[in-house]
Amino acid sequence: MLTVLWENAPVRPAHHALLERLCAAARAATHTPASAELTVLLTNDTRLRELNRAYRGKDAPTDVLSFPQRNRPSPEDAGCKPALPEIEEGRNPGLPAGDAGLAAAPPDGGEYLGDIAISVPRVHAQAAAYGHSAERELAYLFVHGFLHLLGHTHADDTAYTLMRAQEEAILKAAGLPRFPCATQT
């Protein structure tokens, strides 16, 4: 199950539908069970800066942060480490209880992957800077965050290359490739 929360960002049903589509594509590409749950917080630069400072020690806004529930090294990314230090088992992924309303582990005992926080203003600014749609940028940031929940990193060139290839494969499967083919007439 995917839970999408809005905080200091406009609620857009189209964003929820896009994230559901991407979540399905990411689950399929990574062989993640459909029962695995995660939460996405769509918010602003101020909130991402607060989270970045609190959990990464970086006093600056950022576009996306991932809070994995636990260490989950991915078999496809040998030697990778989670984006954040290992956290206690049974706790919400590194966030204080109730922080931003993010969900805790599912009551039915299902797997909780973690939380992803995305800055909506950064989505729009980066989309303009990169010359693609805000939809494509939101999609990229979600997929990037999702892979971090699974343990992927971009700490070195090899890990970066593997993660970028996985991101693009998922985005292509969801119909949002980086360089869409020109329509033939």
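## Worked exercises around helix α2

Arg-53 is partly exposed, with a relative accessible area of 41%. Keep in mind throughout that this is a predicted model. The exercises below start from this residue and work outward.

**Exercise 1. Find the residue that forms a salt bridge with Arg-53, and decide how exposed that partner is.**

*Solution.*
- Step 1: Look for the acidic partner. Arg-53 pairs with Asp-59 in a salt bridge, and their closest N and O atoms are 2.7 Å apart.
- Step 2: Check the partner's surface. Asp-59 has a relative accessibility of 45% and therefore counts as partly exposed.
- Step 3: Place the pair in context. The structure holds eight salt bridges. Elsewhere, bridges with shared partners link Arg-136, Arg-164, Glu-167 and Glu-168 into one network.

**Exercise 2. Describe helix α2: its length, its two ends and its faces.**

*Solution.*
- Step 1: Compare the span with expectation. The helix covers residues 45-56, twelve residues in total, and reaches 15 Å from its first C-alpha to its last, close to the expected 16 Å.
- Step 2: Inspect the start. Asn-44 caps the N-terminal end of α2, with a side-chain oxygen 3.3 Å from the backbone nitrogen of Thr-46.
- Step 3: Inspect what comes after the helix. Gly-57 follows α2 and has a positive phi, near 70°.
- Step 4: List the buried residues. These are Arg-47, Leu-48, Leu-51 and Asn-52. Viewed down the axis of α2, they fall within an arc of 135°, so they line one face of the helix.
- Step 5: Turn to the face pointing away from the buried side. Here you find the exposed residues Thr-46 and Ala-54.
- Step 6: Ask what covers the buried residues. The cover includes the strands β2 (37-43), β3 (64-68) and β4 (112-119).

**Exercise 3. Arg-47 is among the buried residues of α2. Work out which acidic side chains meet Arg-47 in salt bridges.**

*Solution.*
- Step 1: Confirm the burial. Buried means under 20% relative accessible area. Arg-47 has 13% relative accessibility, so Arg-47 counts as buried.
- Step 2: Recall the chemistry. Side chains of opposite charge can pair when their charged atoms come close.
- Step 3: Take the partner outside the helix. Glu-7 and Arg-47 meet through their side chains in a salt bridge of 3.0 Å, N to O. Because Glu-7 lies in the loop between β1 (2-6) and α1 (13-30) while Arg-47 lies in α2, the pair ties together parts that are 40 residues apart in sequence.
- Step 4: Take the partner inside the helix. Arg-47 also forms a salt bridge with Glu-50, at 3.1 Å, N to O. Both residues sit in α2, three residues apart, which is about one turn of the helix.
- Step 5: Check Glu-50. At 33% relative accessibility, Glu-50 counts as partly exposed.

**Exercise 4. Name the members of the largest nonpolar core that touch the most other members, and find the element with the largest share of this core.**

*Solution.*
- Step 1: Pick out the best-connected members. Among 34 residues, Leu-22, Leu-38, Ile-118 and Phe-142 touch the most other members.
- Step 2: Find the main contributor. Helix α4 (134-149) supplies the largest share, nine residues.
- Step 3: Look for another core. A second, separate core has six residues, including Leu-41, Leu-65, Phe-67 and Ala-117.

Note on methods. Residues are numbered from 1 along each chain as its sequence is written. This is a predicted model: local features need pLDDT of at least 70, side-chain atom pairs count only at pLDDT 80 or more; totals for chains, interfaces and linings use all residues. Side-chain values use heavy atoms; hydrogens and water are left out. Helices (H or I, at least four residues) and strands (E, at least two) are DSSP runs, numbered from the N terminus. The expected span of a helix is 1.5 Å times one less than its number of residues. Buried means under 20% relative accessible area, exposed over 50%, partly exposed in between (1.4 Å probe, protein chains only). The arc is that of the directions from the helix axis to the C-beta atoms. Contact means heavy atoms within 4.5 Å. A polar contact is a pair of N or O atoms within 3.5 Å; within protein, one must be able to donate a hydrogen and the other to accept it, and residues adjacent in sequence count only if both atoms are side-chain atoms. A salt bridge is a side-chain nitrogen of Lys or Arg within 4 Å of a carboxyl oxygen of Asp or Glu. A nonpolar core is a set of buried Ala, Val, Leu, Ile, Met, Phe, Trp, Tyr and Cys residues joined through side-chain atoms within 4.5 Å.
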